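Biologist: Thanks for sitting down with me. Could you bring up the model so that we can go through it together?

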Amino acid sequence: MNKLYLIWNKNKLVIEDGYYYLDRFKLHNVKLINLTFPELGIIKIQKRKNELILISDTINSIELYITFFKNKVTLSDTPIIKDLDKSNFKEFQKFGYCINEKTIYKNTILLNCSSKMIININENKKFKFNYLNNFNNFDYDFNKTLNNLNNLILNKIKIFNNYDKVILFLSAGYDSRLIL
């Protein structure tokens, strides 16, 4: 059976079966399953026999890198393998970021914000990934919300019209440079 390691703040641990949460400082073992977790600043971890479930917080306040080796999976706060993945690096050069959970490093993925990832430890691969539906509030007046958004945009345009030149940065990536 493959091992699951956590390298966090320069400490190396082997993760056994159970429930955990990870904050910026250390891994916490949770004895009670129905414990209320804080919603920000942690990553929830559940390990069962050959399956690992990772759930990130809404704003991805903690970066978690998952690296796949032949006989182990390693979770860490920084990438362990520094060899570049050429296809992902080309994507990074084009857009200024890697799409979804990909990184520029070989055999390494990143846990995205507000997501749930299930990893098969025996096969050393991610086999299920989905985004959590944290914002399912349908109890609002659509027309009123749309009018408020339109008013906000029109007010911003009026402010911009007072200036001779306006530069809008869409992002820090190459995609904004292509548009401008």
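Biologist: What does the accessible surface of the chain come to, and what share of it belongs to carbon and sulfur atoms?

Modeller: Happy to help, and please keep in mind that this is a predicted model. The accessible surface comes to about 12700 Å². The part that belongs to carbon and sulfur atoms is 55%.

Biologist: How many helices and strands does the chain have?

Modeller: Going from the N terminus, the elements run β-β-β-β-β-β-β-β-α-β-β-β-α-α. That gives three helices and 11 strands.

Biologist: Which strands stand at the edges of the open sheet of five strands?

Modeller: The order in this open sheet is S2-S1-S8-S7-S9, and the pairing is mixed. Strands at its edges have a single partner strand each, so one side of each is left without a neighbour in the sheet. From one strand to the next, the twist averages 20 degrees. The edge strands are S2 (11–14) and S9 (108–110).

Biologist: In which sense do S1 and S8 pair, and which residue in S8 stands opposite Leu 4?

Modeller: S1 covers residues 3–8 and S8 covers residues 72–76. They pair over five bridges, in the parallel sense. The residue opposite Leu 4 is Val 73.

Biologist: Over the ring of which residue does the charged end of Lys 72 sit, and over which that of Lys 82?

Modeller: A charge has to be within 6 Å of the ring centre to count. For Lys 72 the distance is 5.2 Å, and the ring is that of Tyr 5. For Lys 82 the distance is 5.8 Å, and the ring belongs to Tyr 105.

Technical notes:
Residues are numbered from 1 along each chain as its sequence is written. This is a predicted model: local features need pLDDT of at least 70, side-chain atom pairs count only at pLDDT 80 or more; totals for chains, interfaces and linings use all residues. Side-chain values use heavy atoms; hydrogens and water are left out. Two strands pair if DSSP finds at least two bridges between them. Helices (H or I, at least four residues) and strands (E, at least two) are DSSP runs, numbered from the N terminus. Axes are lines fitted to C-alpha atoms, for helices over the stretch in contact, and angles run from 0 to 180 degrees between N-to-C directions. A charge sits over a ring if NZ of Lys or CZ of Arg is within 6 Å of the ring centre and within 35 degrees of the ring normal. Accessible areas come from the Shrake-Rupley method with a 1.4 Å probe; for residues, only the protein chains shown count as cover.
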